[in-house]
Amino acid sequence: MIEAQGLSHRYGDVQALEAVSLTVAQGELLGVAGPDGVGKSTLLGLLTGVRKRQHGTVRTLGGDIDRPAHRQQVSQRLAYMPQGLGKNLYPGLTVSENLAFFSGLFPDGAKNRRPRIERLLHEVGLAPFKNRPAAKLSGGMKQKLGLCCALMNDPDLLVLDEPTTGVDPLSRRQFWSLIEGIRAAKPQMTVIVATASMDEAAQFDRLIVMDGGRILADAAPDALLRQTGTAHLDDAFIALLPEAQKVGYRPLQLGALPDKDAGIAIEAKHLTRRFGSFVAVRDVSFRIRRGEIFGFLGSNGCGKTTTMKMLTGLLPASEGQAWLFGKPVESGSLQVKRDVGFMSQSFSLYPELTVGENLILHARLFLMSEADCIRRTQEVLRQFSLSRYRDSRAASLPTGVRQRLSLGVAMIHRPQMLILDEPTSGVDPVSRNAFWQLLVRLSREEGVTIFISTHYMNEAMLCDRISLMHAGSVLAKGQPQALIDKAGTDTLEDAFIHYMPAQAETDNTAAAPLLSAKRVQRNRRPAPFRLTRMLAYSRSELQDLLRDPVRLLFALLGTLILMVVLGFGLNSDVEEIPFAVIDHDRSAASLAYRDNLLGSQFFSGGQLIEPPANADSVLRHGDVSLVMEFPPGFGRGVYAGDQPEVGAWIDAAMPGRAESVGTYVEAMHAQYLQSLAGTESTSLYALHTRFRYNQTIRSINAMVPAIIPMLLMMITAILAALSVVREKELGSINNFYATPVTRMEFLLGKQLPYLLLGFINFVLLVVLAVGFFRVPLVGSFPLLAVSALLYLFCASGLGLLMSTFTNTQIAAIFGTMLATLIPAAQYGGLTHPVASMEGLSKLIAQVYPTSHFVDICRGVFAKSMGLSALWPSLVPMALFGVAVLILCRWRLQEQQR
Amino acid sequence: MKRRGFFRPVWHLGIKEMRSLFRDPMLFGFMIFAFTVGVYSAGKGSSIDVRDAAVAVVDQDQSPLSQRVISAIHPPEFKDPVVISQDELIPVMDKGDFTFVLVFPPGFQRDVLAGRVPELQLNVDATQMSQSFTGSAHLAALISRAVTIHTQRRLVDSALPVNLVTRMRFNQTLNSEWFGSVMELVNVLTMLSVILTGASMIREREHGTLGHLLVMPLTPLQLLLARLWSMGLVVLVAGMLSLRLVISGGLAMPVAGSYGLFMLATALHLFATTSMGVLLATVARNMPQLGLMAMLVIMPMTLLSGGTTPYETMPQLVQWLMNLAPTTHFVAVAQAVLYRGAGLDVVAGHLLALSLIGLGFCLISLSRFRRSLAAA
C-alpha cells in the first residue's frame with residue numbers, strides 16, 4: 001500500500017524528518033505516536049502527497065505520490081483529515097452543506113448524494129444538528145463530521161492526523177467505535193492515525209513511535225510493553241527515549257495539602273451565565289482552598305471556559321457571585337488580573353514575536369521594573385527549558401513548546417493563582433510530566449492555587465479535587481479516587497461516563513452501513529476537469545456568502561451608496577468660483593468689472609478686501625481661488641486710453657482648476673471689453689462648438705460609465721482575494737491539497753460566485769444610473785451585460801492572483817486595494833482619456849481591463865455603439881482574463897511546502 | 001508612578017504592533033510600494049488639466065489660413081492634429097479616438113477675408129468631461145489668435161482699453177505632477193492608517209490574543225492608545241519620507257511652507273484616521289467585512305475631500321457631511337502649507353477641526369470597544 005524510503009524533510013533550519021523508511025500493508029491499522037513536533041504531521045503529509053517531498057521516495061497506492069498525474073489519479077482513493085478540530089470543515093457552512101460540498105468533489109456524488117448524506121448523519125448521531133453551522137459544533141461533533149467528510153469518497157487509505165486531540169472522553173470513545181465499525185465493514189481499508197496520546201495508542205494493530213524526526217520503535221503495542229518492561233505506553237515511550245532526553249522525568253507524587261486552614265482562594269456561589277436563551281453555565285458553586293489543585297473535567301462546550309472567564313472577571317456573571325481571596329470579582333477589575341495568571345485554551349501569544357520578546361512584553365505589561373523584567377524572563381526561560389528557543393518566532397514552535405511558552409507567560413508576574421484552560425492538550429508525556437512537576441511545586445511549596453481544566457484522565461487523577469462538568473452543570477465533585485469508588489468503576493473515564501445523564505450517550509454502534517453505498521467506479525482515469533467539483537466549490541462559497549449577510553449587504557448596498565455619493569459629489573463642472581477683489585481705485589469702472597464677473601454663473605462672492613492687502617496673502621487662506629486687483633486710477637485710465645492693467649491672481653494649487661479659472665476670466669474679460677465698446681463683436685468667423693454624446697454637458701452622464709467599472713473592479717477583486725486567503729488562514733485549504741480537485745476547478749469554482757455577485761451588483765448599478773440619475777442608456781443592454789461579465793471575470797481573476805501572493809488577510813486587502821484602486825482610477829480613463837496618455841501609462845492603460853470597460857460603458861451608454869465597433873475593447877479584456885487565470889494556475893501550489 | 005504605570009504598557013504594546021507589522025514581508029512590501037511607486041506614478045500619471053488631447057481636423061478648405069490654424073495646435077496641450085476626411089468624423093468620434101474634431105468648411109479663408117463670417121465647427125466628445133470642457137475653451141483661444149495673426153488685422157489688441165494680466169500663483173507652471181502626487185500621498189496615508197489599525201484589531205480578535213490581553217491589568221484605553229500611536233507613527237514616518245524623497249526629491253516639487261507644520265497636521269489627521277480604523281474594527285466581525293467597510297469609508301472620504309474635484313462644486317449636503325471627514329481638512333491644510341506656504345495662523349481652524357474630529361472618533365471607538373469587550 002505504502003512504501004517510503006529515506007524520507008527527510010526540513011523547514012528552514014529545523015530538521016523535521018530524518019531518513020524515515022516504512023512500509024504499510026493493506027488493511028492495517030497503523031498508529032503513529034509521539035509528542036508534538038517530532039515529525040508525525042510531516043510524515044503523514046508526505047505519505048498522502050499533501051506536502052511536497054524534499055528527499056527520499058514515497059510510493060502510495062502503487063505509484064510515486066509526488067508525481068501530479070499519479071496524485072490526481074489516486075486522490076479519489078485517499079482521504080486525509082488534517083490536525084486541528086474541524087480543520088477540513090467550512091465553519092460558516094452547516095453540517096449537511098459541508099457534506100454536500102465534499103460529495104461534490106468526488107464522482108458519483110451527485111446521483112445518490114442526498115439519501116447518503118441523510119443516512120450518514122443519522123448513523124453518527126449528527127442528524128439533529130444538520131442545519132447547524134460547523135463553527136457552532138462541539139469539538140467531538142466537529143471531528144465526527146470531519147471524518148464523515150473524509151469518508152465521502154469511500155477511500156482505500158484513510159489518514160487521520162490527531163483526530164481526537166482536544167476531544168472529551170465520551171466523544172473520543174464514540175469516534176473510535178465509529179472507526180472500528182468502518183473497518184469491520186471494509187476490512188481492506190488501511191487506516192493511519194497520528195496521536196500524541198499514549199492512552200489511545202494501545203488500540204492500534206501496529207505502532208510507530210517517533211521522536212526527533214526518527215522512528216524509535218515499530219511494533220505491536222503489547223510487544224512494546226514487553227520489550228520495555230513497562231505497564232503503560234506513556235512509560236514505554238519514555239523508556240524508548242535516549243537518556244539525554246529523559247532528564248528531569250520522574251513519577252509524580254502529590255504531597256498532602258500542607259495547611260488545612262490556609263484560607264479560601266476562590267469561592268463561587270450559584271454562578272450562572274446565559275447567552276441569549278442559551279444557558280452556558282448553570283448554578284455552579286465551589287470553594288477552593290489556597291494552595292489546592294482543583295481540576296475541571298468535561299467535554300468541549302460544557303461551560304468550563306465560560307466559568308473560568310467569570311472567575312477572572314472577563315465575563316460578568318448573569319447570576320451569582322465569585323470571590324477571589326475574599327474580594328468580590330468585578331468585571332474588568334485590574335487588581336484581580338494582577339493576582340491571577342491565566343492561560344487560555346487556544347494558543348494566544350503573538351506568533352510573529354520571538355519567545356524572548358513574548359515573555360518580556362508580558363513582563364512589561366504587568367509593570368514589573370525593567371531589571372526585574374529581564375531577570376524574570378531569564379528565570380522563566382530556564383524553568384521551562386525555553387532557552388534554546390529564545391530567538392525563534394512563536395509561530396515556528398511545535399505545539400508542546402508553545403504550550404510551555406504560554407504557561408511561562410501566565411506565570412511571568414508570579415501570580416497567587418493560576419487559571420489554566422486545558423494547558424496540556426497535545427503535549428507529549430515528558431513535557432507534561434515536567435509541567436505537572438512544576439505545578440505541584442508551585443502548589444505545595446509556594447502555595448499557589450491552581451485551577452485547571454483538562455481532558456486527560458491521568459492528569460485529573462493528580463488533582464486534589466475535581467469537578468465533572470457537562471452541559472453547563474456540575475455532575476459530581478470530590479477527590480478523584482472517591483468519585484471512582486462512588487461510581488463503582490475501575491477508571492475515572494468510566495466514572496465520568498457513569499455520571500453523565502443517560503440521554504447524552506447517543507447510540508453509536510451501527511457505523512457499518514456507512515460504506516455500504518455503491519462502490520465507486522475505479523480504474524477509470526479521472527477527468528482533468530469536472531464541472532461537479534468546480535460547482536462544489538462554488539456552492540460552498542456561495543453558501544458561506546449567504547451566511548454572512550453583513551458582507552453580502554456591504555457588497556451590494558455599498559456600491560450603490562458609493563455611486564450615489566460619488567455621483568453627487570464628484571462634480572468636475574467648474575462653477576461659482578469664489579473670488580475676492582482688491583480695489584485701489586474704487587471707481588464706477590472697477591465696480592462694473594466686478595459686476596460683470598458676478599453676473600456669470602462661473603463666479604461668486606467678489607467681496608472687497610479691506611484694507612487692500614497683498615493678493616498672495618489673500619489667496620493663501622484658500623477661501624477664494626481668484627483675486628482681481630484694480631490699480632489706482634483704473635477708471636480714469638480706461639477712458640483716457642492709458643490701457644491700465646487688471647491683475648488676475650489665480651491660486652494654482654490645483655493646476656487643472658486654475659487652468660479653467662484662467663480660461664473663464666479671459667472669457668469674461670472679453671465680454672467686458674465688448675460691453676465697453678458698446679457694440680457687437682466684429683468677429684471674423686463664428687465658432688460653433690457641438691458637445692456630442694452629452695449635449696447638456698451633465699457631469700453625471702460622463703461620470704457614471706466610469707464609476708461603474710471602478711466599483712465593480714474593487715469590490716469583486718477584494719472579495720475573491722479574501723475567499724482564498726481566508727481558507728489559507730483558517731486551514732480549510734487542505735481540502736484542496738488532499739482531494740482530487742484540480743487547480744482550474746478550484747480557481748473557477750472560487751471565481752463563479754463572485755462573478756454572479758458582481759453581475760447582480762452591475763445590474764443594480766445600471767438600474768440606479770438610469771432610474772435615479774436619469775443617465776440615458778442609448779445602446780444595447782445585453783451587449784453591455786456580456787461585456788460586464790467579461791470584465792468581472794478579469795476583476796475576480798485579479799483578486800485570485802493577489803491571493804496567491806499573500807498569506808494574511810490584511811496583506812490581501814491592502815494589496816488588492818493597491819492593485820485595483822490606483823490603476824482603475826488613474827489608468828482607467830476616469831479623469832484622463834487613454835488617448836492622451838504616453839509611454840508606460842499608456843501601456844498600463846491598454847493592458848488593464850478598466851480602460852476597455854470604461855470605453856464600452858461610454859460607447860453603450862452615450863454612443864449606441866454595436867458589437868462591431870466594440871470588439872477592439874472586448875478582445876484585450878478577454879485576453880487579460882485568460883492570462884490572469886493562467887498566471888494564477890501557475891502560482892497556486894498544489895501541495896504544502 | 002501612576003502615570004508611568006499607564007504609559008509603559010502603551011509603549012510596549014505599540015512596539016509589539018510595529019514588530020508584527022515589519023514581520024509580514026508582503027504587507028511591508030506593499031506599504032513601501034504605495035509610498036514610493038504609488039505616489040510617484042500618481043504624480044506622473046494624473047493630470048486633470050489638458051495635456052496631449054487628441055485632435056483631428058477635417059480640412060475642406062486646404063487654404064493657408066486653415067493650415068495656419070492647424071499648425072497652431074501643438075503639444076503640450078494638444079497632440080499634433082491628425083487630418084481625417086468628413087466621412088470618418090462620426091466613426092472616429094464614436095470610437096473615442098479623438099476628443100476634438102475641428103471642421104473647416106470649403107472656402108473658409110475666402111469667406112473670412114471677405115468678411116462673410118463663415119462657420120467653423122468644433123465637435124467635442126463630451127464624455128471626457130474635464131478635458132472636453134477646458135480643452136474646447138483652449139482651442140477657441142488658439143484658433144482666434146491664429147486667425148487674427150493671419151489676417152493681419154489686430155482687431156481688438158490695438159484698441160484694447162484694458163489689459164488683463166493673469167498670474168498663476170504657487171505653481172506658476174501649472175505642474176500637475178506635484179498636485180497629483182501630494183493628493184495620492186494623502187490618500188495612501190488615509191488608506192493605510194485606517195486599514196492597518198482596523199486589521200490589527202480584527203486579527204487580534206480572530207487569533208484569540210485579545211482575550212489574552214484582557215486578563216492582564218490593562219484598560220481598553222491603553223489597548224486603544226497603543227494601536228493609535230504605533231500605527232500612526234509608522235504611517236507618519238513613511239509619509240514624511242515619501243514627501244521628502246519622492247515628491248520633493250524625485251518629482252522636484254518646491255515645498256513652500258514648513259515641514260514641521262505639515263507634520264503636525266499629518267499627525268492630527270492620523271489620530272483621526274487610526275481612531276476610525278478602530279471604530280470600523282468594532283463594527284466588523286471578520287476581515288472581509290472590515291475590508292469592504294474600509295473601502296466604503298475610504299473611497300468617498302478621499303474622492304470627496306477636495307483633492308480630486310473642488311470642494312465648493314459639491315452639493316451643499318455633501319459639503320456639510322464632508323466637513324466631518326478628516327480628509328477634507330487635511331487636504332485643505334496640505335494645499336495651504338505645501339503649495340501656498342501658509343503659516344499656523346491660516347490653518348489653525350483646520351487643525352482644530354482635525355483635533356476635534358479625532359477626539360470624537362477616538363471617544364466613540366473607545367466606548368464601542370469597551371462595550372464589545374464586555375460582551376465578548
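Two strands count as paired if DSSP finds at least two bridges between them. Keep that handy for this predicted model.

**Exercise 1.** Work out which strands sit at the edges of the open sheet with the order 11-10-13-14 in chain A.

*Solution.* Start with the sheet itself: four strands of chain A, paired antiparallel. Next, look for strands that pair on one side only: these are strand 11 (278–289) and strand 14 (327–328) of chain A. Now zoom in on one pair. Strand 10 (residues 264–275) and strand 11 of chain A are joined by eight bridges, and Phe275(A) stands opposite Phe278(A). Finally, add the helix: helix 10 (residues 304–311) of chain A lies across strands 10, 11 and 13 of chain A, at about 120 degrees to strand 10.

**Exercise 2.** Find how helix 28 and helix 29 of chain A are oriented to each other.

*Solution.* First take the axes, which come within 10 Å and cross at roughly 135 degrees. An angle between 115 and 145 degrees counts as oblique, so helix 28 of chain A is oblique to helix 29 of chain A. Then check the residues: the contact includes Leu798(A) and Met802(A) from helix 28, and Ala812(A) and Gly815(A) from helix 29. By class, that contact has five nonpolar, five polar and no charged residues.

**Exercise 3.** Describe where chain A and chain B meet.

*Solution.* Begin with the totals: 120 residues of chain B contact 118 of chain A. On chain B's side, 64 are nonpolar, 36 polar and 20 charged. Then spot the strands: strand 23 (residues 645–651) of chain A and strand 5 (residues 163–169) of chain B pair in the parallel sense over seven bridges. There, Trp649(A) has Arg167(B) as its bridge partner.

Methods. Residues numbered from 1 in each chain as written. Chains lettered and ligands numbered in written order. Predicted model: local features only at pLDDT ≥ 70, side-chain atom pairs only at ≥ 80, totals over all residues. Contact = placed C-beta atoms within 7 Å. Nonpolar A, V, L, I, M, F, W, Y, C, P; charged D, E, K, R; others polar. Helix = DSSP H or I, 4+ residues; strand = E, 2+ residues; numbered from the N terminus. Axes fitted to C-alpha atoms, helices over the stretch in contact; angles between N-to-C directions. Parallel < 35°, antiparallel > 145°, perpendicular 65-115°, else oblique.
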